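Let's take a friendly walk through this structure, starting with its cysteines and moving on to the sheet and the core. Keep the 3D view open as you read.

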Amino acid sequence: MSRFSAAASRIAASTVLTGAAVLGGATAAQAAPATALAPSGCVVSSLSNGVDVFCSGGFGTYRGVVRCDRNLLPDYDRYGPWVRPGSWSSAWCNSGDRAFNQAMQTG
């Protein structure tokens, strides 16, 4: 899921939660924002051959994602394991390949 798609999903979920809360008699301020269900305190460490991701709090799951460059061959993606806050997720390129576009995905 691209960063744009993830952001659009969070905005849509927040809008639905807010609308449902207002229709149910609660105020918009009492509706739980969708971002409250996401990992927080996250650090994405970009390395020359991969990525390390750690989130210290929040809820849900996340993983490290990296795009890898093979000289004169097609690029490829690598994904770390899905983990909960308090755990590391790492994704690495093959030996000799260069990492770029290091990021974190939330699930």
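C68 and C93 are both buried. Bear in mind that this is a predicted model. The two cysteines are bonded to each other, with an S to S distance of 2.0 Å. The torsion about their S-S bond is about -90°, so this disulfide is left-handed. Because C68 sits in strand β3 while C93 belongs to the loop between β5 and β6 (98–106), the bond ties together parts that are 25 residues apart in sequence.

How many disulfides does the structure hold? There are two. The other one joins C42 to C55, with the sulfur atoms again given as 2.0 Å apart. This link is right-handed, with 110° about the S-S bond. It connects distant parts of the chain, since C42 lies in strand β1 and C55 in strand β2, 13 residues apart. Is C42 buried or partly exposed? With a relative accessible area of 29%, C42 is partly exposed, because buried would require under 20%. C55, by contrast, has a relative accessibility of 0% and counts as buried. If you number the bonded cysteines in sequence order, the pairing reads 1-2, 3-4.

Here are the two bonds again, side by side.

| Disulfide | S to S distance | Torsion about S-S | Handedness |
|---|---|---|---|
| C42 and C55 | 2.0 Å | 110° | right-handed |
| C68 and C93 | 2.0 Å | about -90° | left-handed |

Now for the strands. Three of them make up an open sheet, in the order β1-β2-β5, and the pairing is antiparallel. Strands β1 (39–47) and β5 (88–92) are at the edges with a single partner strand each, so one side of each has no neighbour in the sheet. From one strand to the next, the twist averages 15°. In general, strands of a sheet pair through backbone hydrogen bonds.

Let's follow the pairing from β1 onwards. Eight bridges join β1 to β2 (residues 50–58), and these two strands form a hairpin with two residues between them. To find this pairing on screen, look for L47, which stands opposite G50 in β2. Another place to look is V44, which faces V53 in β2. V53 also stands opposite S89 in β5, so you can use it to step across to the next pairing, where five bridges join β2 to the antiparallel strand β5.

Which residues make up the largest nonpolar core? This core has eleven residues: V51, V53, C55, Y62, V66, C68, Y76, V83, A91, C93 and A99. Strands β2 and β3 (62–69) each supply at least two of them. Cysteines from both disulfides appear in this list: C55, whose partner is C42, and the bonded pair C68 and C93.

One core member to zoom in on is Y76. Leaving aside residues up to four places away in sequence, Y76 touches V66, R67, C68, R70, C93, N94 and D97. Among these contacts are C68 and C93, the two cysteines of the left-handed disulfide. That brings us back to the buried pair where we began.

Methods:
Residues numbered from 1 in each chain as written. Predicted model: local features only at pLDDT ≥ 70, side-chain atom pairs only at ≥ 80, totals over all residues. Heavy atoms only, no water. Pairing = 2+ DSSP bridges. Helix = DSSP H or I, 4+ residues; strand = E, 2+ residues; numbered from the N terminus. Axes fitted to C-alpha atoms, helices over the stretch in contact; angles between N-to-C directions. Core = buried A, V, L, I, M, F, W, Y, C linked by side-chain atoms within 4.5 Å. Buried < 20%, exposed > 50% of the residue type's maximum accessible area, 1.4 Å probe, protein only. Contact = heavy atoms within 4.5 Å. Disulfide = S-S within 2.5 Å.
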